[in-house]
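Me: I would like a close look at a single part of this structure. Please take me through it step by step, in plain terms.

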Amino acid sequence: MKKTLIPALLLLALSGCSPEADVKESALMKNEDRITEIMSAMTLEEKVAMLHGKHMFSSEGVPAQGIADIEYADGPFGIREEMEPHSWNSIHLDTDSATFFPTGSALAATWSDELAREYGKGMSIEARLRGKDMILGPAINIQRVPTGGRTYEYFSEDPLLSSVLATEYVLGVQENGTAVCLKHYALNNQEDHRGYVDVQVSERAMREIYLPPFEMSVRKGDAWGVMSAYNKVRGYWCSENKELLTDILRDDWGFKGVVISDWGGTHSVKAVEAGLNVEMPGASHLGKTLLDSLEAGVVSVEAVDQRVRELLRVRLAVEPVPAEKANVEMTSQAPQQKIAYDVAAHSVVLLKNEGLLPIDTQKHKKIAVIGDNAVQTQSLGGVGAGVKTLYEVTPLAGLLSRLEGKAEVTYAQGYAKYTAEDRHRRMPAVREPDQKLMEEAVELAGKSDLVIFVAGNNRDIETEGSDRTNIMLPMGQDELIKALAAVNPNIVTVVVTGAPADLRVVKEVSPSVVVSWFNGSEGGNALADILVGNIAPSGKLPFTFPVQLEDNPAYALGVFPQKIDEGNEDIFVNLVNRRRDRNSIKLEADYAEDIFVGYRWYESKKIPVLYPFGHGLSYVDFEYSDLALKSTSKGVKLSLTLTNSGKMDADEVVQVYASRPESAVIRPEKELAGFQRVTVKAGETRSVEIDIDKEVFRHWDEASDGWAVEPGAAVFHVGSSSDDIRLTGKTRIK
Ligand code: BGC
């Protein structure tokens, strides 16, 4: 077991890390005496009954003492419908249609702490209407590879951006009455083989890149729940990984709440002593087997008592919703729909604009909307959590409403839909175009003034349970856009995606390109408002769009996807996501790129990218000036002036990156150190102040096995993206 030992000198450097910003004492700690009393009247059987799922989405309270069960709401981007107690089948309630909130990468593209807080609030309000105590979200793993099946659920390739937004999401949820469950702890960065893959990662990369979103959500957000991931980390299943669940989570970060296993992700009674509270959703290990193990002395009663205490802390902190008050009103309501709209409207990223946006309806009267994604909903699809949503405005519906009376809008499908059936049959999504659909679309494009090509993936292509095999646009979209461009060069491409895509062809033939995500119930309205210029785009990429997949660090180093021994392929294919025989499988994920994830790799290795981390244009220009830096014992204070020289009000996300020229440790070129979303009215100038906590400059010191902050020179690069730096300044970290 590794201990966090920090030599005196480094401790000095760390003393200014504003620990006051941490939660002083978890709100969970208010009822310790009452818990002692409750537990003194409980039998061992009653205690063990709390440590496993009762139903698919609930675990037991203490019925003899009137203490309610814990009800879990599957998330993280909308409250999942009600299901039968022991199956995944819907019970078809009339009131459980929820708001579909934009998925993780869309929220991250807002770079807005306020919107993340609102998002959590909206989720929590809907969870309460449904009688839920804990939301299974946010999902905050780092996007290590662009092909990762759950990239769309996760936030970013950067730990700071992920941490800030995750913490706000947590605060928004918990201030409004439900607990969060941070998932998937930890290092669940791939879906293929997730049930048994063993992540081999350095302590430094784990601490600096992969754990901070969890750490900050606990230390600064007082998160009350965590879900252990399916995979192994350095030899141990996450659900029985003492280092993760006890030494780091509880001892280092001060977590006081509960850890539940991912569904079917508990493997033995060892989990209890390692720090797992609840096996979900059944009792394969932490039911009768646990009782037997207690009797045999294999598991200690003290460990069970501690796990029960933690469960009761959460149970007493969250007010149960009486059954007769749950599911009375419709889950999705106007205030939450408004939050979904606001997030979507601030998330759309303008990648490129050579004059076609905002749409000029004086010049372009006949508008052809082309692409199956223009009419698809994205709230459901693929494996795993989806939202039975009350409504979802598609891109075409949004455009029709915003262009009504201003332009003639026509539609052609253009490419075939990748369906659930295709996914079940493991059909590749990258394939030849459908000739007939292509011909129809080309004909329509030829007769139109402007083409809006709605390209990208859908939820059956990006899904839990499997990774994509590449990032090419699916269903012949590259060929289609080339054919469209041959008859009409005025193409605006809208890329619907939750993850990076290979946009080389799109970039070449389409003068204007936006990314519009899986953007929730109001996604079509938000997109249309941006395309027609009712609002200026202001989203920024939360991850890099590489030129090609092979440039991604894990691919470039040949460590992803994992190579399966010849002759063994069948076993792996058949076992993906099946529980049987997992224990015998040995497959390691080598995180050879170490801390060089995402832009940290591309910049340090000088590898060109298609669209850099943080990139996103507006309809206005922003001028940056007057950078001033002040170093204090708590960190660095930055101020600058921002002018909107355009003709409409707009938001800019000011980004601050830091590099440490005198550092004695290997570091990336630069790393995100702070950011702020700022609204500036047309023609106005504003001053912007950004405080950077000293803790941001910490690194994991492998020699002392602890955090350290190096004093000395720091260069600050301030700009509109990681690759569009407008101001640079230098100061010293004290
Ligand atoms: C997913 C979790 C989810 C759970 C319950 C698992 O397969 O990994 O994110 O909350 O199922 O649906």
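Reply: Between domain 1 and domain 2 there are 3 salt bridges, in a model that is predicted. One salt bridge in the chain joins R194 to E464, whose closest N and O atoms are 3.0 Å apart. By residue number, R194 falls in domain 1 (28-325) and E464 in domain 2 (348-542). The chain also has a domain 3, covering 622-733.

Now the boundary between the two domains as a whole. The C-alpha centres of domain 1 and domain 2 are separated by 35 Å. Domain 1 puts 38 residues into the contact, and domain 2 puts in 34 residues. About 2800 Å² of area is buried between domain 1 and domain 2, and carbon and sulfur atoms supply 54% of that area. On the domain 1 side, the residues that lose the most area to domain 2 are F100, T147 and Y152; together they make up 25% of what that side buries. As for polar contacts, 23 residue pairs are counted between domain 1 and domain 2, with both residues at pLDDT 80 or more.

E464 leads from this boundary to the ligand. An N or O atom in the side chain of E464 is 2.6 Å from an oxygen atom of the ligand. E464 is thus a residue to follow in both places: it pairs with R194 in a salt bridge, and it is listed among the closest residues to the ligand.

The rest of the ligand's surroundings can be read in the same way. The ligand is surrounded by 14 residues, and the closest are D74, R150, H184, D262 and E464. Sorted by class, this shell contains 6 nonpolar residues, 1 polar residue and 7 charged residues. In the side chain of D262, an N or O atom lies 2.6 Å from a ligand oxygen atom. For Y230, a polar side-chain atom is found 3.0 Å from an oxygen atom of the ligand. On its own the ligand has 310 Å² of accessible area, and the protein covers 95% of it.

By number, D262 and Y230 belong to domain 1 (28-325), while E464 belongs to domain 2 (348-542).

How values were computed: Residues are numbered from 1 along each chain as its sequence is written. This is a predicted model: local features need pLDDT of at least 70, side-chain atom pairs count only at pLDDT 80 or more; totals for chains, interfaces and linings use all residues. Side-chain values use heavy atoms; hydrogens and water are left out. A residue is near a molecule or strand if one of its heavy atoms lies within 4 Å of it. A polar contact is a pair of N or O atoms within 3.5 Å; within protein, one must be able to donate a hydrogen and the other to accept it, and residues adjacent in sequence count only if both atoms are side-chain atoms. Accessible areas come from the Shrake-Rupley method with a 1.4 Å probe; for residues, only the protein chains shown count as cover. Ala, Val, Leu, Ile, Met, Phe, Trp, Tyr, Cys and Pro count as nonpolar, Asp, Glu, Lys and Arg as charged, and the others, Gly among them, as polar. Domain bounds come from an automatic or database domain assignment. Contact means heavy atoms within 4.5 Å. Buried area is the accessible area (1.4 Å probe) that two parts lose on being put together, summed over both. A salt bridge is a side-chain nitrogen of Lys or Arg within 4 Å of a carboxyl oxygen of Asp or Glu.
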